[in-house]
Amino acid sequence: FGMELREPAIDVRVVEYCLSIPASLFLRNGRTRWLVRRAGQGRLPQSVLQRDRYGAQAADWSEWLPAMRGQLAAELARLERCETADRCLDLPRMRTLVEQMPERLGPEHKTPYLNLLLRGMMTGRFIRWFERTYP
């Protein structure tokens, strides 16, 4: 489909750069993410700059993912009605993963559940958003 996979978090240059930044630039005057907040001044809305919540991309994905089985199944149903998502994603395999998801996930589940299912869901949601925004 002409899409390249980009994963900045595994680019050694990005990791080396981030590790070279002094810790004082990450936390200042009791505020976390100080450097990115300062860099975003005038470029990002205040609501984004002041946000303190964190995403679900943390290492505890294997703990919360099984509890989301119902939400995943509902999103899959929406994706199955989307012609572009059906063409671009392996929805039958994603459906099987949701239906056969064990109650406890371990490191051996990373490739199918984190890499295929969650990335597929994110891609599918983007496709649905894009098609509603740009018909």
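In this predicted model, helices α5 and α7 pack with their axes 10 Å apart and at an angle of about 160 degrees. That angle lies over the 145-degree cut-off, so α5 runs roughly antiparallel to α7. The crossing of the two helices is left-handed. On the α5 side, the contact is made by Arg 69, Leu 72, Ala 73, Leu 76, Ala 77, Leu 79 and Glu 80, and α7 contributes Leu 91, Met 94, Arg 95, Val 98 and Glu 99. By character, the residues of this contact divide into eight nonpolar and four charged, with no polar ones.

Next comes the nonpolar core. The largest such core holds 19 residues, and those that touch the most other members are Leu 65, Leu 72, Met 94, Met 101, Tyr 113, Leu 117 and Met 121. Two or more residues come from each of α5 (69–80), α7 (91–99) and α8, with α8 giving the most, at five residues. Leu 117 offers a handy view of these surroundings: neighbours within four places in sequence aside, Leu 117 is in contact with Leu 72, Met 94, Leu 97, Val 98, Met 101 and Pro 112. Of these partners, Leu 72 and Met 94 also take part in the contact between α5 and α7.

A charged residue of α8 rounds off the picture. Arg 128 lies in this helix, which spans residues 110–133. Its relative accessibility is 17%, under the 20% cut-off, so Arg 128 counts as buried. Beyond residues up to four places away in sequence, Arg 128 touches Glu 75, Arg 78, Leu 79 and Cys 82. Among these, Leu 79 also belongs to the α5 side of the contact with α7.

Technical notes. Residues numbered from 1 in each chain as written. Predicted model: local features only at pLDDT ≥ 70, side-chain atom pairs only at ≥ 80, totals over all residues. Heavy atoms only, no water. Helix = DSSP H or I, 4+ residues; strand = E, 2+ residues; numbered from the N terminus. Buried < 20%, exposed > 50% of the residue type's maximum accessible area, 1.4 Å probe, protein only. Contact = heavy atoms within 4.5 Å. Core = buried A, V, L, I, M, F, W, Y, C linked by side-chain atoms within 4.5 Å. Axes fitted to C-alpha atoms, helices over the stretch in contact; angles between N-to-C directions. Parallel < 35°, antiparallel > 145°, perpendicular 65-115°, else oblique. Left-handed = near helix turned anticlockwise from the far one by under 90°. Nonpolar A, V, L, I, M, F, W, Y, C, P; charged D, E, K, R; others polar.
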